[in-house]
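This report covers the strand order of a sheet, the helices that lie on it, and one helix pair. The sequence and structure are shown first.

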Amino acid sequence: MTKILVATEKPFAAAAVDGIKKIFTEAGFETVLLEKYSDSNDLIKAVSDADALIIRSDKATRQVIEAGKNLKIIVRAGAGYDNIDLAAASEKGITAMNTPGQNSNAVAELTFGMLVFMARSNFNGGSGTELKGKKLGIHAYGNVGKNVARIAKGFDMSVYVFDPFVTKETIEKDGVNAVDTVEELYSTCQYISLNIPATEKTKKSINFELLSKMPKGAAVINTARKEVIDEEGLKNMFAARADFKYVSDIMPDNHSELLQFENRYFSTPKKQGAETSEANINAGLAAANQIVKFFKNGDKTFQVNK
Ligand code: 3PG
């Protein structure tokens, strides 16, 4: 029987797990759950006889992939797939997929939760500022960026977007402003929402030079990946600019050093952008359906290691 391992160190909501199991039972597949594991060896052991693997931010390393002797497909139930060793998967002829767009509203809503929290002085009882009329820069216009733009319009913010992979016409059709360079985005906008993936090109790209271009009252909201930040540059920015704030959904490695910048720095203890039952259901069920279509019809839509 085709065996599907759902390995989630951060488990899906119960309704999503029920939905995933139902899809696989109806397809005649077996579901095996590995939740809240703390040792990667548990994943290496569990994957050994699985035909397919569903993960969230769990790391599908070369070791995991090589341990999956029967593996044919890995689906990252979510957007970013920087946690899959794509080269190792391709070498073994394993198809890797993501489920784009399925959790993007959840991440965009959290961005606004964080923006309001930051603008209202981390809810410390002091006076804050309003978002209305302020300039918000959206760094990358993928599914999350588009949802951030949609919500920002409801807050009456002026929205600017930089994305070298999306045409100016496409961006401006949504009633937001497209800028030509990343420098222009950071020098124009008081607030920046980071929505870029972690790639070889973007890692450490948000550095002191770029951040220091931001106008007075600058704040960056990071719901993307910690790797895109140059942490040394971030620390220098805090030291150089008493007005600068950074709110993150992915705890930086230098978190403990940044705690001294009280009321200007905040990080969630564990990434929770996609932690809604709606996002879990959307992404989890999409992953399950993609696996069924892959085995039944050879469907490779959403493959990321072509
Ligand atoms: C994603 O890339 O989809 C988000 O970062 C959510 O990740 P998670 O499923 O681990 O919460």
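## Sheet

In this predicted model, five strands form an open sheet in the order S2-S1-S3-S4-S5, and their pairing is parallel. Strand S2 (30-35) and strand S5 (95-98) are the edge strands, each pairing on one side only. On average, neighbouring strands of the sheet are turned by 15 degrees against each other, direction ignored.

Strand S3 (residues 52-55) and strand S4 (residues 73-76) run parallel and are joined by 4 bridges. Opposite Ala52 stands Ile73 in S4.

## Helices on the sheet

Helix H1 (residues 14-27) lies across S2, S3 and strand S1 (3-8), and runs at about 155 degrees to S2. Helix H12 (residues 277-297) also packs on the sheet, where H12 touches S1, S3, S4 and S5. The direction of H12 makes about 160 degrees with that of S4.

## Helix pair H5 and H6

Two packed helices are described by the angle between their axes and the distance between the axes. For helix H5 (residues 104-119) and helix H6 (residues 143-154), the angle is about 50 degrees and the axes are 8 Å apart. H5 is therefore oblique to H6. The crossing of the two helices is right-handed.

On the H5 side, the contact is made by Ser104, Asn105, Val107, Ala108, Glu109, Thr111 and Phe112. H6 contributes Asn143, Val144, Asn147, Val148, Arg150, Ile151 and Ala152. By class, the residues of this contact between H5 and H6 are 7 nonpolar, 5 polar and 2 charged.

Note on methods
Residues are numbered from 1 along each chain as its sequence is written. This is a predicted model: local features need pLDDT of at least 70, side-chain atom pairs count only at pLDDT 80 or more; totals for chains, interfaces and linings use all residues. Side-chain values use heavy atoms; hydrogens and water are left out. Axes are lines fitted to C-alpha atoms, for helices over the stretch in contact, and angles run from 0 to 180 degrees between N-to-C directions. Angles under 35 degrees count as roughly parallel, over 145 as roughly antiparallel, 65 to 115 as roughly perpendicular and the rest as oblique. A crossing is left-handed if the near helix is turned anticlockwise from the far one by less than a right angle, and right-handed if clockwise. Contact means heavy atoms within 4.5 Å. Ala, Val, Leu, Ile, Met, Phe, Trp, Tyr, Cys and Pro count as nonpolar, Asp, Glu, Lys and Arg as charged, and the others, Gly among them, as polar. Two strands pair if DSSP finds at least two bridges between them.
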